[in-house]
Amino acid sequence: MKKILAYLLLILLTCSCQKAEVDIPDTGRKLVINGLITTDSLLNVLISKSHYAVGLNWESRFYLFDSANVSIYSNNTFLDSLHYWSTDYKYYSHNYVYPLSNYRFGNAYPIPGNEYKIIVKKQGYPDATATTIIPRLVKIEKVDTSRTIVDAFYGLTFDMNCKIEFTDPPGEQNFYLINMVARRNLTHEYMYFESKDPIIEEELPSHSSRGNYILTYGYAFSDKLIDGKKYSLNVLFASNFYSNCTIYFRLLSITEDYFKFIQTMNLFNATYTDPLSEPVMVYSNVSGGYGIFAGAAVSTDSIIFHTK
Amino acid sequence: MLRFRILVVLLFVFKTAYSQNFTISGFVEDVNTGERIIGAYIVDSISNNITQSNSYGFYVLKNLGRDVSIHSTFIGLKSGSITLTLRHDTAINIKMQPAKELQEVVVSSSIYKRNINSQLGYITIPVKTLTTMPALGEPDILKSIQSQPGIQGGMEGSAGVFVRGGSAGENLFLLDDVPMYNVSHLYGFFSVFNSNALKDIKLYKGCFPAIYGGRTSSIIDIRSLDGNNKSLKGEFSLGFISSDITLEGPLFSPKTTFIISARRSYMELYLDAAKRAGLMGKDFPNYNFYDLNARISHTFSQRDKISLSFYKGKDNIRNIAEDNIIGLNEITTYTIQERSGWGNLLGSLRWNHTFGNALFSNTTIAYSKYDYFTRNEDKSVIQNIPDPEIIPVRIYNADYTSGISDLILKTDFDYTISDNSKLLFGGGLTSHTYDPGKNNFDLYDINLGKDYDTSYANNIIDVNEYYFYLEDRYNFSNRLKVDAGIRFSGILNKQTSFNIEPRFSANYTIQPQLVLKAGYSRMIQYLHLLSTSGLTMPTDVWVPAVEGLKPLISDQVDVGFAYNGDNKFFLSVEGYRKWSANTTDLRQGSSLFSEFRPWYEKTTQGRGNAWGIEFSFAKQLKKLSLDINYTFSRAFRINPDLNNGVRFPFRYDRPHDLNISLNYKLSEKWDFSAFWIYGTGYPVTLPVENYKAGLELVNWDTYHGGTVVYYPSINNCRLPAYHRLDLGFRRKTTNRLGDQILSFDIFNVYNRKNAIRMHIRGTSIEYITLLPIIPTITYTLKFK
């Protein structure tokens, strides 16, 4: 009787989930274009290829091309071919991360209002194409700074308050991204800063945190609350992190494609480990391949920040 | 060949009539139990008038001549005829007897339930046939429903039914006119309906009569027994997973009857034994479910009867893990306790009243509630030796609750205008109270020195839903029958809505054996069921069509025919096309539990369309019955916020669905049954490629290195095909105690590993399967 009971229990109650391994067909790889072309940088993109979904872990490196044919057009006129210049990986925050680009164009900066089209060809892969129009430049009109008194936590004190003033063009849909760069001697680094303004829609989180607080590199927002208005964006940063630096405030007027990419990318990152969440399809504007090719017009202002 | 016999009792004479158009009305009852019989046919063979008893056993035959010869037919009951000479309108209660002859024939879900004149999209499932299907221990309504054409059971471990491209929340289960929101125990393995207490099951999946509404895919109208008014009887069933007992009989007098039926599982006994024997981990949760049906009915007179019904069912999961760490001077005890529970509570009071001899009414006041809770408690205490005082160090509680409750008032009238026209009308009001989810967290930590108490709660929402309807069932001739109705419905909230739902169906008899049918119906649903990852679970949340969500609307067109091959076989073919507006899905990345946003910010609405063709074939021999149901169907969704606005397959899109059931009477004592199901695998969303999507600042400095998984579209892959064979053997004997039935059932005979979920693991795709081969033994005693 004991044996019967044990048998029944085993098959009925402890069977739980059984797994069966089955292969799925591999339909081939595609080209990946990642490029944010900005008016303050030479035109550059990262060209890689996709990886079969099966047999990958997060540490896997993606293959970066050095022999792809990358053509760039401006307002439907052939501009030039982009040239391979680097495939170096970087070791950062305990992970290998990509260079931001491996192909660049040596003597042209994107111009606001122009349409740029990229065509990437590589034998054995479908052609990948994408188009973007550089948005009109929205200038930073003024930056005011003041020091505030706030509670410190985990050694972090966001005590420097900056107001970045700009005017949104009326009657059109605009999207923005704000970030800050600190230059000390010859090095640049993206700054951690904070903004709690109501217009903020997306954060650009870093991998770094203090307790449960994730440090943020930038913020993205649309003009749905400020259409056609002058606005002062409040940002806070920790003065003790960035003493004796030149601090650059960068207001990027970005395309809707790029804004959608940020939205879906954030959603993907927030939910991809949750088995109960609905899957997220990260936005892509590349036909024949994957990735994002977007433009931004950058307005920059700076302060020199000395601490006694 | 059925033979008929009627025992007629003349109870009352209402009035004297001198015309030649007489009316006979009354109730159809089982002579042995006094149960009123639903759906019995009553025929006057002289005038050829025919009618059917309604959901309360009431019938009316109008425009009869002075001489009548009454026949009555119903599955498993003897019927016959009696000739009368009428002098006035008369009330006759027709009493039918069980037919012994029928015991020689396999009573199955076969031809008996089929009537070529029944309307499209309508199926009746005789309760007696539930025992003829192999089951996981006990007869199961849901399994029978899921075997019908056009209806699927979803994935194993998923509760509910999926009808003609609709989701689980689009089906209305009515138990004695009261909606029931959760219809299964143990994640869909058992239905909440205890078959011992049931009398009748009707299912509508198209051509909906105007009396029904509130859901867009199906109506499952289940009626429970009134209780035997002749003698005390009962039934006891002992199964491997659960047991049940039913008692019924008269209470003080034959006018008052009761029935009470209770069921409980005892898996926790096995689980505890297995844990003690080391067969499974101590942290494996304990589980049990129970349900209780009770009903008291009192017949005041031929005209008035009241019934008081009660149902309560509950599923409980509990897990406790404890660990002690003994130090030099203290003992620290860590306890983790997790509890979840869900269930229904229903109560109703119904009053049947007959006005004159042709107008019948039913008025119901009812309450229905479904709730779900989960509670996690994480506690650590310390005891300093030898001090007996126990000091709490850290106590963390997390609760989640959700649910819905309804208060219902409705009244329905059934008026027979003439021998070829019947008018149905009525209305109702339901006050819904929605609790779409509430999270509470509280923390006491001795090191923090204070309590933290946080809640994330969706507002409780009260919405009143109303309807009224009018429907005429008209026979233009012996060949053409039309059922036309209109239903008006809406909600009374901050904004009052008013909608019209037209209904129409027609049957045309080409030959006595062949009937062509067609129909159209619009259904409107004022509530939505939000599900997690497409799985239908007890955690699903009902929300109202408010806060920006629009009511779900479906328009369905049906055409088909039914052919009766001289009672030797039955063939039915039905085609349908359904358009749905305002289908509700979770937005991408949303989760019911993982994020604390209001439900209306997590949802998005789109459109759906579905079409299919359903074949139903039944063959009846003396010892063998065979049912084959095959459906080819497709179902899609379009939502501007999902899948880049491109159409994608509905998560329960199953092009091919085949069910074969067979019953064979091996001997006087032994029956054999088999059931085989085959279905195309359900769609799932799987990534096919990964790529690097890093740009300056975006996704660059993330701990997974900026890798994105690429889903080409929603539901881009399919699980492997689902198929399964179940077998059952039943031995029936009779002794002085009563009828004894010993059932041996084997679920999933060839141990098919049917997938319920897929995911990528390493270098392959893995399928998670749930139910292996499961043999069960059940003993049932129907005592006298």
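Two strands are taken as paired if DSSP finds at least two bridges between them, and in the predicted model described here strand S3 (residues 41-44) and strand S6 (residues 67-73) of chain B satisfy this criterion with 4 bridges in the antiparallel sense. Within this pair, B:Val43 is the residue that stands opposite B:His71 of S6(B). The two strands belong to an open sheet of 4 strands in chain B, whose order is S4-S3-S6-S8 and whose pairing is antiparallel. Strand S4 (49-52) and strand S8 (81-85) of chain B form the edges of this sheet, each of them pairing on one side only, and the twist from one strand to the next averages 20°.

Further along chain B, strand S26 (residues 390-418) and strand S27 (residues 421-445) pair in the antiparallel sense over 23 bridges. The connection between S26(B) and S27(B) is a hairpin of 2 residues, and B:Ser418 has B:Ser421 in S27(B) as its bridge partner. S27(B) is also joined by 14 bridges to strand S29 (residues 461-475) of chain B, again with the strands running antiparallel; here B:His432 is bridged to B:Val463 in S29(B). In general, the strands of a sheet pair through backbone hydrogen bonds, in either a parallel or an antiparallel arrangement.

Two loop residues of chain B carry a positive phi although neither is a glycine: the value is near 45° for B:Cys207 and near 55° for B:Asn715. B:Cys207 is located in the loop between strand S17 (198-204) and strand S18 (218-224) of chain B, and it counts as buried because 27 C-beta neighbours are found inside 10 Å. B:Asn715, in turn, is placed in the loop that lies between strand S44 (707-710) and strand S45 (717-718) of chain B; with 22 C-beta neighbours inside 10 Å, B:Asn715 therefore also counts as buried, the cut-off being 20 or more.

Chain A contains 2 helices and 20 strands, and buried residues account for 36% of its 308 residues. Among the contacts of chain A that link residues at least 6 apart in sequence, 67% join residues at least 24 apart. The chain is divided into domain 1, covering 31-133, and domain 2, made up of 142-281 + 296-305. Between these domains of chain A, 8 residues of domain 1 are in contact with 9 residues of domain 2. On the side of domain 1 that touches domain 2, the elements giving two or more residues are strand S2 (31-38) and strand S11 (128-133) of chain A, and the residues of this side divide into 3 nonpolar, 4 polar and 1 charged.

An open sheet of 3 strands is also present in chain A, with the order S12-S13-S18 and antiparallel pairing. Its edge strands are strand S12 (142-147) and strand S18 (230-237) of chain A, each of which pairs on one side only, and neighbouring strands of the sheet are turned against each other by 20° on average, direction ignored. Strand S13 (residues 160-167) of chain A pairs with S18(A) in the antiparallel sense over 8 bridges, and A:Ile164 stands opposite A:Leu233 in S18(A).

Notes:
Residues numbered from 1 in each chain as written. Chains lettered and ligands numbered in written order. Predicted model: local features only at pLDDT ≥ 70, side-chain atom pairs only at ≥ 80, totals over all residues. Domains from an automatic or database assignment. Contact = placed C-beta atoms within 7 Å. Nonpolar A, V, L, I, M, F, W, Y, C, P; charged D, E, K, R; others polar. Axes fitted to C-alpha atoms, helices over the stretch in contact; angles between N-to-C directions. Buried ≥ 20, exposed ≤ 12 C-beta atoms within 10 Å, placed from the backbone.
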